[in-house]
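Student: I am new to this structure and would like to understand the words used for it. Could you take me through them step by step?

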Amino acid sequence: LASDRAMKLSAYHEVIAHASRALELLENIPESTDRDEQELALRLALAIAFTAAKGAQLSEVRNIYDRARQLCEKLEKKYELVQVLGGRTL
């Protein structure tokens, strides 16, 4: 929620901090569809924030999109996959 609020305020460094922390916490949750969906949402927010704050060419952004793509394929999320592929080509 904090990440979502920060995104709406264009507080990209806060989005990065909150989403990164949330991803760390997700590592302690057993694998499930719900967990993967949460991770995907956080990775999309993180990719957008990194791109806005630091630029699309960072290797971190590419890595975030690569993991998001894996999750999209696993979860069969076509809409999100379009977002990922679009972001990955920047």
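**Reading the terms**

Tutor: Let's start with one residue: at 28% relative accessibility, Arg67 counts as partly exposed. Keep in mind that this is a predicted model.

Student: Why is Arg67 called partly exposed?

Tutor: Buried means under 20% and exposed means over 50%, with partly exposed in between. Arg67 has 28%, so it is partly exposed.

Student: And what makes Glu39 buried or exposed?

Tutor: The relative accessible area of Glu39 is 3%. The limit for buried is under 20%, so Glu39 is buried.

Student: How do you know that Glu39 and Arg67 form a salt bridge?

Tutor: Look at the distance: the closest N and O atoms of Glu39 and Arg67 are 2.9 Å apart. A salt bridge needs a side-chain nitrogen of Lys or Arg within 4 Å of a carboxyl oxygen of Asp or Glu, so this pair qualifies. The two partners come from distant parts of the chain, with Glu39 in helix α3, Arg67 in helix α4 and their positions 28 residues apart.

Student: Why can such side chains pair at all?

Tutor: Side chains of opposite charge can pair when their charged atoms come close.

Student: Which salt bridge does Glu39 form with Arg43?

Tutor: Here the closest N and O atoms are 2.7 Å apart, so the 4 Å limit is met again. Glu39 and Arg43 both belong to helix α3 and sit four residues apart, about one turn of the helix. Both of these residues are buried.

Student: What separates Glu39 from Arg35 in helix α3?

Tutor: About one helical turn, because they are four residues apart. Their side chains meet in a salt bridge at 2.8 Å, N to O. Arg35 is buried, as is Glu39.

Student: Which residues are linked in a network of salt bridges?

Tutor: The network links Glu31, Arg35, Asp36, Glu39, Arg43, Arg67 and Lys74. Across the whole structure, a search finds nine salt bridges.

Student: What else is Glu39 in contact with, beyond its neighbours within four places in sequence?

Tutor: With those neighbours set aside, Glu39 is in contact with Leu23, Leu26, Arg67 and Leu71.

Student: Now the helices. What makes α3 roughly parallel or roughly antiparallel to α4?

Tutor: The axes of α3 (residues 33–54) and α4 (residues 59–75) come within 9 Å and cross at roughly 150°. Angles over 145 degrees count as roughly antiparallel, so α3 is roughly antiparallel to α4. Their crossing is left-handed.

Student: Which residues make the contact between α3 and α4?

Tutor: On the α3 side they include Glu39, Leu40, Arg43, Leu46 and Phe50, and on the α4 side they include Ile64, Arg67, Ala68 and Leu71. By class, the contact has 12 nonpolar, two polar and seven charged residues.

Student: How many helices and strands does the protein have?

Tutor: There are five helices and zero strands. Along the sequence the pattern reads α-α-α-α-α.

Student: And how much of the protein counts as buried?

Tutor: The protein has 90 residues, and 33% of them count as buried. As for its contacts with a separation of 6 or more, 50% are between residues 24 or more positions apart.

Key:
Residues numbered from 1 in each chain as written. Predicted model: local features only at pLDDT ≥ 70, side-chain atom pairs only at ≥ 80, totals over all residues. Heavy atoms only, no water. Axes fitted to C-alpha atoms, helices over the stretch in contact; angles between N-to-C directions. Helix = DSSP H or I, 4+ residues; strand = E, 2+ residues; numbered from the N terminus. Parallel < 35°, antiparallel > 145°, perpendicular 65-115°, else oblique. Left-handed = near helix turned anticlockwise from the far one by under 90°. Contact = heavy atoms within 4.5 Å. Nonpolar A, V, L, I, M, F, W, Y, C, P; charged D, E, K, R; others polar. Buried < 20%, exposed > 50% of the residue type's maximum accessible area, 1.4 Å probe, protein only.
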